[in-house]
Amino acid sequence: MTAEFSRALRLRQLGYLVRHPRHMLRLQVMRRSQNRTGYSLQQFERTRSIFIHIPKASGVSITRSLYGNLGCGHLPMREYELAFSPRFVRESFIFTFVRNPWDRLHSAYRFLVKGGMNRADAQWRDAHRDCLASFEQFVEAGLRVPEIAGSLHIIPQSRFLHSPVYGYQCVDFVGFFENLDDDFGAVCRAMSVQDTALPHQNRTAGDAVDYKTVYTNRMRDIVAEFYREDIDLLGYDFGGDHIVQQIARRDRECAI
């Protein structure tokens with residue numbers, strides 16, 4: 001990441017500070033403290049790392065194992081660029097975990113139907129009950145509703161990873177949910193922390209169901225179009241048959 005990128009990021013931070021001073025203050029407070037619900041950026045500072053927590057990709061287990069708290073929730077990379085200095089972003093180990101889009105959407109649906117993790121998730125469920133009666137209805141009708149398509153647990157994974165300044169260049173390591181144990185071990189080694197078994201916390205009831213059995217051909221195509229950006233970027237196919245190639249490409253490139 002060059003000096004030119006650093007200058008561009010600093011200008012973005014200054015512009016955002018002028019337009020949204022309260023939000024910038026909140027981010028700075030989180031760098032120095034943990035709120036009552038367990039969110040904080042302190043451990044990112046201590047470990048010189050940034051974890052981009054994409055919903056329904058084992059992020060709760062990862063943050064609690066590595067940081068002892070919930071990190072900063074589901075912030076996209078563009079928010080971390082506002083919270084930290086250009087030098088910190090440049091020198092930190094930045095990583096994420098991603099998941100097959102068809103599998104992830106099915107998990108997110110089941111998670112939200114059951115009320116999610118907090119009051120905001122439950123309120124979202126209550127506001128969209130008409131589209132949640134079945135997974136098929138959710139895919140065929142719900143994904144056409146802007147308030148559903150644009151919600152935190154549904155938006156494409158690529159939206160969390162993209163930086164207005166760096167594009168995708170800032171992500172050092174992309175772990176795969178489908179290769180979770182090995183990739184979590186790689187993260188531990190990169191961060192020089194003890195490699196321990198990763199407990200699966202915040203598991204969605206029904207995740208043991210093979211997602212491939214719940215899709216019709218029409219549903220499969222709808223999701224493929226909705227997550228075209230993720231599929232092109234991350235290399236996923238519906239059946240998950242490309243994971244070996246995805247890992248090999250990741251290892252060659254070292255970043256997205």
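Are F44 and Y80 buried or exposed? Both F44 and Y80 are buried (under 20% relative accessible area, with exposed over 50% and partly exposed in between, using a 1.4 Å probe on protein chains only).

This is a predicted model, where local features need pLDDT of at least 70, side-chain atom pairs count only at pLDDT 80 or more, and totals for chains, interfaces and linings use all residues. Residues are numbered from 1 along each chain as its sequence is written, and side-chain values use heavy atoms, leaving out hydrogens and water.

**View 1. F44 meets Y80 in a tilted pair.** The ring centres sit 5.8 Å apart with 55° between the planes (rings of Phe, Tyr and Trp, the last by its six-membered ring, pair if their centres lie within 6.5 Å; planes under 30 degrees apart are stacked, over 60 edge-to-face, the rest tilted). F44 belongs to helix 3 (residues 42-47) and Y80 to helix 5 (residues 77-83), so the pair ties together parts 36 residues apart in sequence (helices are DSSP runs of H or I, at least four residues; strands are E runs, at least two; both are numbered from the N terminus).

**View 2. F51 and F95 stack up.** Here it's 4.9 Å centre to centre and 25° between the planes. F51 is in strand 1 (residues 49-52) and F95 in strand 2 (residues 93-98), 44 residues apart. Relative accessible area is 2% for F51 and 0% for F95.

**View 3. R99 caps the ring of F177.** The charged end of R99 sits over that ring, 3.9 Å from its centre (CZ of Arg or NZ of Lys within 6 Å of the ring centre and within 35 degrees of the ring normal).
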